[in-house]
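Reader: Please take a close look at the salt bridges here, and then follow the chain outwards from them to the buried acidic side chains and the surrounding helices. I would like the cut-offs stated as you go.

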Amino acid sequence: MNKELERYIEREIIPRYEDFDAAHRTDHVRTVIAQSLELAAHYDADADMVYTVAAYHDTGLANGRERHHIDAGRILAADTELRRWFSEEQIAVMRDAVEDHRASSDGDPRTIYGRIVAEADRVIDPETIIRRTVQYGLAHCPELDREEQYARCLAHLQQKYAEGGYLRLWIAESENARRLEELRGVIRDPQRLRKMFDAAFDTETAE
């Protein structure tokens, strides 16, 4: 890892996540960075590029969620400081990777860098997924009561993670396939899911 690059990103990019919703703050980007570097060890991938893609992947949330992957790619490409460490060709590859990370994207990631960050962004731990879904619902739909938040949470989990959901996995060496089966078991068990939702909801709404 290039230490100057790392210092720049730690100083100028990572702190941006402090202003995002609770599901996408600095703990999230640091997890994606760590997971990305771990996955990259199985491939012939440039560690500095992997690190940079992971660090920038959600920066577009500053402009809203709908096009955050596109905006994040634009933010990366527009950062003139990155020219100190990367060629224009490398920056173009990283921009593609950032744009391709979103789980609901129609197409497949175009490069190994896109597949790595897309996989690393899918931190499939049932408690974490449910907590982040609750956090997102409270932040973006505060008018919903507990039962409505639960219905929103269940609909999201079924649409994204259940059998036939839009989530796709890309890296064979990842633990995500096993974890996805575990999460699907929770989704199929209404009592267990409701218990986990209530615990997360109570924690997030406690004064």
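Author: A search of the whole structure finds 19 salt bridges, a salt bridge being a side-chain nitrogen of Lys or Arg within 4 Å of a carboxyl oxygen of Asp or Glu. This is a predicted model, in which local features need pLDDT of at least 70 and side-chain atom pairs count only at pLDDT 80 or more, while totals for chains, interfaces and linings use all residues. Residues are numbered from 1 along each chain as its sequence is written, and side-chain values use heavy atoms, with hydrogens and water left out.

One of these salt bridges joins R194 to E147, with the closest N and O atoms 2.7 Å apart. It links distant parts of the chain, since R194 belongs to helix α10 (residues 190-205) and E147 to helix α8, 47 residues apart; helices here are DSSP runs (H or I, at least four residues), as strands are (E, at least two), numbered from the N terminus. E147 counts as partly exposed because its relative accessible area is 45%, where buried means under 20%, exposed over 50% and partly exposed in between (1.4 Å probe, protein chains only).

R194 also forms a salt bridge with D198, whose closest N and O atoms are 3.1 Å apart, and here R194 and D198 both lie in helix α10, four residues apart, or about one turn of the helix. D198 is partly exposed, because its relative accessible area is 21%. Elsewhere, salt bridges that share partners join R95, D96, E99, D100 and R110 into one network.

In helix α9 (residues 176-187), E181 and R184 are three residues apart, again about one turn, and their side chains meet in a salt bridge of 3.2 Å, N to O. An α-helix has 3.6 residues a turn, so residues three or four places apart point the same way. The two partners are covered to unlike degrees, because E181 has 42% relative accessibility and counts as partly exposed, whereas R184 has 15% and counts as buried.

There are also buried acidic side chains that have no such partner. D121, in helix α6 (residues 112-121), is buried yet has no salt bridge, and its nearest side chain of opposite charge, R122, is 4.3 Å away; for this purpose Lys and Arg count as positive and Asp and Glu as negative, while His and the chain ends are not counted. The side chain of D121 does make a polar contact with the side chain of H57 at 3.3 Å, a polar contact being a pair of N or O atoms within 3.5 Å, of which, within protein, one must be able to donate a hydrogen and the other to accept it, with residues adjacent in sequence counted only if both atoms are side-chain atoms. Leaving aside its neighbours within four places in sequence, D121 is in contact (heavy atoms within 4.5 Å) with H28, V32, H57, D58, H101 and R132.

D79, found in the loop between α4 and α5, is likewise buried without a salt bridge, with R16, the nearest side chain of opposite charge, 5.2 Å away. Beyond its neighbours within four places in sequence, D79 is in contact with Y8, I13 and Y56.

Y56 leads on to helix α3 (residues 47-56), which is mostly covered, nine of its ten residues being buried. Those buried residues are D48, M49, V50, Y51, T52, V53, A54, A55 and Y56, and they pack against α1 (3-12), α2 (26-40), α4 (68-78), α5 (88-99) and α6. At the N-terminal end of α3, D46 acts as a cap, with a side-chain oxygen 2.8 Å from the backbone nitrogen of D48.

In the loop between α1 and α2 lies F20, which is buried because its relative accessible area is 7%. Not counting residues up to four places away in sequence, F20 touches R25, D58, T59, L61 and A62, of which D58 is also among the contacts of D121. The C-alpha atoms of F20 and W170, 150 residues apart along the chain, are separated by 26 Å.
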